[in-house]
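Work through these exercises with the structure open beside you. Try each task before you read its solution.

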Amino acid sequence: MKAMDAALSKASKMFPECSSMVKKLRAMTYNAEEQLRSQKNQASFLVNLAGRTTPKGLHCLSMRLTTEYFALQPEEQKLPGQHKYQNPDLYHFAVFSDNVLACSAVVNSTVSTARAPEKIVFHIVTDSLNLPAMTMWFLSNPPGKATIQVQSIDRFDWLSNKDILQKQESLDPRYTSPLNHLRFYLPDIFPSLNKIVLLDHDVVVKRDLSRLWHINMKGKVNGAVETCLEGEPSFRRMDMLINFTDPMVAKRFDVKSCTWAFGMNMFDLQEWRKRNLTGVYHKYLEMGSNRPLMKAGTFPIGWMTFYKHTRAIDRRWHVLGLGYESGVRQNEIEQAAVIHYDGVMKPWLEIGLQKFKPYWKKHVRYEHPFLQQCNIQD
């Protein structure tokens with residue numbers, strides 16, 4: 001468009017008698033730009049809408065599993081290994097999700113790469129609607145030697161700030177869902193545990209994660225991969241999601257400090273309790289409900305809550321971008337311990353990036369009768 005504009009300017013000087021033609025061509029150029037801008041906005045809206053929609057196949061799967069669950073006797077509805085749930089000597093993972101298929105892929109990939117799967121305990125928290133389906137899936141598809149606990153968020157009747165979350169202005173219900181903010185209550189959910197790894201439901205584990213429990217946290221609470229590169233601007237600056245025109249924000253936080261990623265985080269729950277970071281989270285959430293402190297979502301409030309309490313870990317632990325960036329380098333994926341489909345283009349959606357889907361599909365049991373019946377195919 002710039003080249004065309006320059007050519008038109010040059011033509012108007014060389015051929016002044018063609019000024020009317022130049023004006024017409026300029027108008028055509030402007031109209032083409034406006035149409036392109038409108039189409040880009042519409043495409044972006046539709047992609048984001050698709051990312052927030054539950055596919056019919058996943059809804060079908062949940063309904064079939066729920067029906068099977070309630071056909072069981074009460075004693076058959078319990079998952080085995082309950083004596084391991086509170087054992088601090090084991091490797092504990094937490095996943096908060098309402099997506100049965102996504103949780104299955106996370107669990108399967110973690111267990112398949114583990115050197116000692118018998119030491120793994122998965123704690124899955126979902127909503128009451130999907131609790132029967134999530135439980136039934138792991139009853140009928142046990143994860144080898146690993147242990148699974150499935151809970152409903154409704155059992156945590158002490159969970160506060162539900163009303164505050166609903167005040168956040170966002171078209172995406174994930175940002176106002178208590179399930180999404182449950183990560184800030186980890187010490188309360190697991191009072192007997194010392195450490196836990198939080199995994200988002202859109203990750204795939206490619207290497208054994210047991211070494212995470214041996215990382216020297218240096219007194220920090222959160223072990224995470226930073227999202228900025230030395231010598232390059234961060235692709236997620238704090239001021240992109242946090243309002244630094246607010247005097248309190250400008251005083252307490254450094255806009256140039258390196259940001260970090262949620263999705264694969266090691267949390268030292270003992271240090272968390274000592275520093276009462278859940279209380280810090282409450283404070284910032286309350287402040288954000290009264291004035292424009294941050295944009296909706298867990299990134300900004302996470303950066304604020306764990307500011308100066310985060311230990312940067314090796315980038316190979318957690319590679320980002322498979323849900324929005326087609327240019328993620330192959331060598332980074334191959335070396336990664338965890339790959340993350342962050343973004344709206346999830347691997348279980350039609351809009352997912354095809355080049356990255358095989359890493360996720362290998363951990364999905366497409367031969368399962370319910371997946372076949374619900375038309376969930378490879």
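Ala, Val, Leu, Ile, Met, Phe, Trp, Tyr, Cys and Pro count as nonpolar; Asp, Glu, Lys and Arg count as charged; the others, Gly among them, count as polar. Keep in mind that this is a predicted model.

**Exercise 1. The cavity**

Task: Find the largest cavity, list its lining and sort the lining residues by type.

Solution:
- Step 1. The structure holds one cavity of 30 Å³ or more.
- Step 2. The volume of the largest cavity is about 60 Å³.
- Step 3. Its lining consists of Tyr91, Phe93, Thr110, Ala114, Arg115, Ala116, Ile120, Asp208, Leu209, Ser210 and Trp213.
- Step 4. Sort them: seven are nonpolar, two are polar and two are charged.

**Exercise 2. A strand and its partner**

Task: Decide whether the residues of strand β2 (residues 120-126) are buried or exposed. Then describe how β1 pairs with β2.

Solution:
- Step 1. Use the cut-off: buried means under 20% relative accessible area.
- Step 2. Seven of the seven residues of β2 are buried, so the strand is largely enclosed by the rest of the structure.
- Step 3. In a regular strand the side chains alternate between the two faces of the sheet.
- Step 4. Check the directions. Ile120, Phe122, Ile124 and Thr126 point one way from β2. Val121, His123 and Val125 point the other way.
- Step 5. Turn to strand β1 (residues 91-96). Six bridges join β1 to β2, and the two run parallel.
- Step 6. Pick out one position: Phe93 stands opposite Phe122 in β2.
- Step 7. Link back to the cavity. Phe93 and Ile120 are among the residues that line it.

**Exercise 3. The disulfides**

Task: Find which cysteines are joined, and give the pattern and the handedness of the bonds.

Solution:
- Step 1. A disulfide is a covalent bond between the sulfur atoms of two cysteines.
- Step 2. With a cut-off of 2.5 Å between the sulfur atoms, the count is two disulfides.
- Step 3. Take Cys60 and Cys374. Their sulfur atoms are 2.1 Å apart. Cys60 sits in helix α3 (residues 56-70) and Cys374 in the segment after α16 (369-373), 314 residues apart.
- Step 4. The S-S torsion of Cys60 and Cys374 is about -70°, so this disulfide is left-handed.
- Step 5. Take Cys228 and Cys258. The S to S distance is 1.6 Å. Cys228 lies in the loop between β6 (222-224) and α9, and Cys258 in the loop between α10 (247-252) and β7 (264-268), 30 residues apart.
- Step 6. The S-S torsion of Cys228 and Cys258 is about -120°, so this disulfide is left-handed.
- Step 7. Count the bonded cysteines along the chain. The pattern is 1-4, 2-3.
- Step 8. Compare exposure. Cys60 is partly exposed at 24%, whereas Cys374 is buried at 6%. Cys258 is partly exposed at 27%, whereas Cys228 is buried at 15%.

**Exercise 4. An enclosed helix**

Task: Find how many residues of helix α13 (residues 298-305) are buried, and what covers them.

Solution:
- Step 1. Seven of its eight residues are buried, so α13 is largely enclosed by the rest of the structure.
- Step 2. Name them: Thr298, Pro300, Ile301, Gly302, Trp303, Met304 and Thr305.
- Step 3. The cover includes α7 (178-181), α9 (238-241) and α12 (277-290).

**Exercise 5. A loop residue**

Task: Place Asp200, and decide whether it is buried or exposed.

Solution:
- Step 1. Asp200 is in the loop between β4 (195-199) and β5 (203-205).
- Step 2. Its relative accessibility is 16%, so Asp200 counts as buried.
- Step 3. Beyond its neighbours within four places in sequence, Asp200 contacts Val106, Arg183, Phe262, Gly263 and His340.

Definitions and conventions
Residues numbered from 1 in each chain as written. Predicted model: local features only at pLDDT ≥ 70, side-chain atom pairs only at ≥ 80, totals over all residues. Heavy atoms only, no water. Helix = DSSP H or I, 4+ residues; strand = E, 2+ residues; numbered from the N terminus. Buried < 20%, exposed > 50% of the residue type's maximum accessible area, 1.4 Å probe, protein only. Contact = heavy atoms within 4.5 Å. 1 Å grid on protein atoms, 1.4 Å probe; cavity = no way out; pocket = protein on both sides within 12 Å on 5 of 7 lines; lining within 4 Å. Points joined across faces, edges and corners; volume = space filled by probe spheres on them. Pairing = 2+ DSSP bridges.
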